[in-house]
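Okay, thanks for coming, everyone. I'd like to walk you through a structure that's probably new to you, so have a look at the screen first.

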Amino acid sequence: MKKSFPNRIVASTIMACLLVGCALPMASTPTQFVFPTPNLTMTALFQIPPTNTVAPQATATQAVPTSSTPSATLSPTAPNCTNLAQFVSETFPDLTYIAPGTAFTKTWTLKNAGTCTWGAGYALVFDSGDQMGGPASVPMTASVPPGAVYNFTVNLKAPATLGQYQGFWKLQSPQGVRFGTDASGKAFWVKITTAVLAPACAAQTKRPESYGGIIEAYYTSTPPTIDAVLTDWDSPLIDDVPYDVWGDTDNDARFTLKWDHDNLYLAVKVVDDNFYQSTSGGEDLFKGDSVEILLDKDLKGDYCSTVMSSDDYQVGISPGDLIGTQGPSVWMWYPLDKKGYKIVAIASVMTIAPDTNGYIIEAAIPWSTFGGAPAGSEYYGFALSVSDNDESGQQQQGMISTAPKRTIFSNPMLWGTLQIEIQTGP
Ligand SMILES: [Ca+2]
Ligand SMILES: [Ca+2]
Ligand SMILES: [Ca+2]
Ligand SMILES: [Ca+2]
């Protein structure tokens with residue numbers, strides 16, 4: 001799906017330099033890695049909880065009286081408070097490997113996002129899917145006022161048969177009304193695998209050629225000016241983004257990476273028939289037209305790990321709305337201890353010409369974002385992907401990537417390879 005990129009680009013908008021967020025902590029020791037809420041990442045797009053098949057349940061907005069008056073006097077049609085949970089964090093994140101038959105304790109940290117105080121009579125309840133030996137319900141013992149968080153734990157056991165298992169859980173009010181993390185009562189879940197996702201392997205320096213080949217980032221002694229004008233790149237856009245990996249998209253993209261000891265530089269041009277910026281950045285920025293970088297900074301150290309750890313980064317770059325209202329922005333989803341806005345210099349511009357509608361992003365990403373600069377010639381795990389939103393008000397509809405196996409993002413073994421070159425080059 002290669003396309004040519006004529007230089008007849010009509011620059012129509014923005015140059016913006018984004019300065020948001022906070023200083024980054026240095027990489028922490030890779031212990032007790034805590035994964036974020038699945039519904040805040042692209043994972044959510046692939047994991048739609050099944051429709052509840054148990055008896056009809058009221059939504060989270062149904063009346064749940066909290067007064068100490070005996071319940072017999074309460075009127076279920078006179079709502080005076082609402083029940084709603086908000087996901088904060090969890091142990092045993094999606095697709096954690098657990099040996100068959102092993103007992104484990106799953107904890108969801110949830111925030112009371114409603115107006116009722118949770119307490120006696122409330123319970124964590126199994127809703128659907130794989131129960132994994134868990135109880136039907138776990139009564140609450142603490143009192144949790146609105147705005148407070150609480151750790152809901154349940155003792156489970158990984159099934160003895162190899163496979164992937166997912167159980168959906170909800171909270172339940174004293175009136176027996178089940179509720180979850182949105183107004184429709186969305187469940188939260190535990191999803192594990194008892195099968196090794198990848199065959200046993202020995203550490204290597206690169207991912208297989210078939211996972212996207214090797215993308216080279218050459219050293220530069222003349223860093224580009226971040227202005228969305230790519231004439232200061234010797235040879236911009238030498239790399240293709242050739243694979244449709246998810247959904248339905250007609251986008252194309254080309255890019256080039258360079259580096260010096262301060263920054264990783266990115267020039268990317270996306271050809272996109274309909275540009276839509278459906279979010280204002282932040283952790284939802286992937287829902288609009290945007291670019292994603294996956295970077296494994298310690299490729300050899302955990303080459304055979306199928307889950308992300310503290311050296312594995314997922315960063316989204318939004319060009320903003322390209323009409324001057326909303327500037328470009330960056331959000332890091334992983335590692336969780338670095339999650340948030342990042343300080344990255346970005347310029348973006350809309351491109352308007354026959355067959356080349358789309359946008360250009362030029363960025364200088366400080367190496368501190370990724371835990372430090374390369375020590376020399378190195379191989380990293382890498383994928384550059386482009387999210388496409390073509391319908392206003394809708395979410396991301398598709399994605400192209402340099403890595404053909406980027407159907408889920410969270411397995412670094414499926415990413416391609418980035419070669420950091422110590423010499424200058426095209
Ligand atoms: Ca430039
Ligand atoms: Ca498109
Ligand atoms: Ca790694
Ligand atoms: Ca689009």
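**A walk through the chain**

So, let's begin with the overall numbers: the chain has 426 residues, and 44% of them count as buried. Keep in mind that this is a predicted model. The mean pLDDT is 82, and 80% of the residues reach 70 or more. If you go hunting for helices, you'll find zero, but there are 23 strands. And the contacts reach a long way along the sequence: among those with a separation of 6 or more, 72% are between residues 24 or more positions apart.

Now, where should you be careful? Over residues 1-78 the pLDDT stays under 50, and for that stretch the model has 153 contacts beyond four places in sequence. Among the elements of the chain, strand β2, residues 96-97, has the lowest mean pLDDT, at 78, while β15 has the highest, at 98.

Okay, on to a sheet. Three strands form an open one, in the order β1-β3-β6, with antiparallel pairing. β1 and β6 are at the edges with a single partner strand each, so each of them has one side without a neighbour in the sheet. From one strand to the next, the twist averages 30 degrees.

Let's go across that sheet. β1, which is residues 85-90, pairs with β3, residues 103-112, over five bridges in the antiparallel sense. If you want a spot to zoom in on, Phe-87 stands opposite Leu-110 in β3. Then β3 is joined to β6, residues 149-157, by nine bridges, again antiparallel. Here you can look at Trp-108, which sits opposite Phe-152 in β6.

Next up is β13, and I'd like to spend a little time here. How many of the residues of β13 are buried? Eight of its eight, over residues 252-259. Quick reminder: in a regular strand the side chains alternate between the two faces of the sheet. In β13, Asp-252, Arg-254, Thr-256 and Lys-258 point one way, and Ala-253, Phe-255, Leu-257 and Trp-259 point the other way, and all of these are buried.

So who are the partners of β13? One is β14: eight bridges join the two, running antiparallel. They form a hairpin, with three residues between them. Within that pairing, Phe-255 has Val-268 in β14 as its bridge partner. Another is β10, residues 214-219, which pairs with β13 in the parallel sense over three bridges. There, Tyr-219 stands opposite Trp-259. And then there's β11, residues 239-240, joined to β13 by two bridges and running antiparallel. In that pairing, Asp-240 is opposite Arg-254.

Let's turn to the cores. The largest nonpolar core has 65 residues, and the ones with the most contacts inside it are Leu-266, Ile-346, Ile-361 and Ala-363. Apart from that one lies another core, of 29 residues, including Leu-110, Cys-116, Ala-158 and Phe-188. You've met Leu-110 already, as the residue in β3 opposite Phe-87.

To finish, two residues in loops. Phe-275 is in the loop between β14, residues 263-271, and β15, residues 290-296. Is Phe-275 buried or exposed? Phe-275 is buried, because 21 other C-beta atoms lie within 10 Å, and the cut-off for that is 20 or more. Leaving out residues up to four places away in sequence, Phe-275 touches Asp-289, Leu-322, Met-350, Gly-358 and Tyr-359. Asp-390 is 115 residues away from Phe-275 in sequence, yet C-alpha to C-alpha they are 6.2 Å apart.

The other one is Ile-408, in the loop between β22, residues 398-401, and β23, residues 416-424. Ile-408 has 16 other C-beta atoms within 10 Å, so it comes out as partly exposed. Between the C-alpha atoms of Ile-408 and Val-245 the separation is 8.9 Å, and those two are 163 residues apart along the chain.

That's my tour, so over to you.

Methods:
Residues numbered from 1 in each chain as written. Chains lettered and ligands numbered in written order. Helix = DSSP H or I, 4+ residues; strand = E, 2+ residues; numbered from the N terminus. Buried ≥ 20, exposed ≤ 12 C-beta atoms within 10 Å, placed from the backbone. Pairing = 2+ DSSP bridges. Contact = placed C-beta atoms within 7 Å. Axes fitted to C-alpha atoms, helices over the stretch in contact; angles between N-to-C directions. Core = buried A, V, L, I, M, F, W, Y, C linked by C-beta atoms within 7 Å. pLDDT = per-residue confidence, 0-100.
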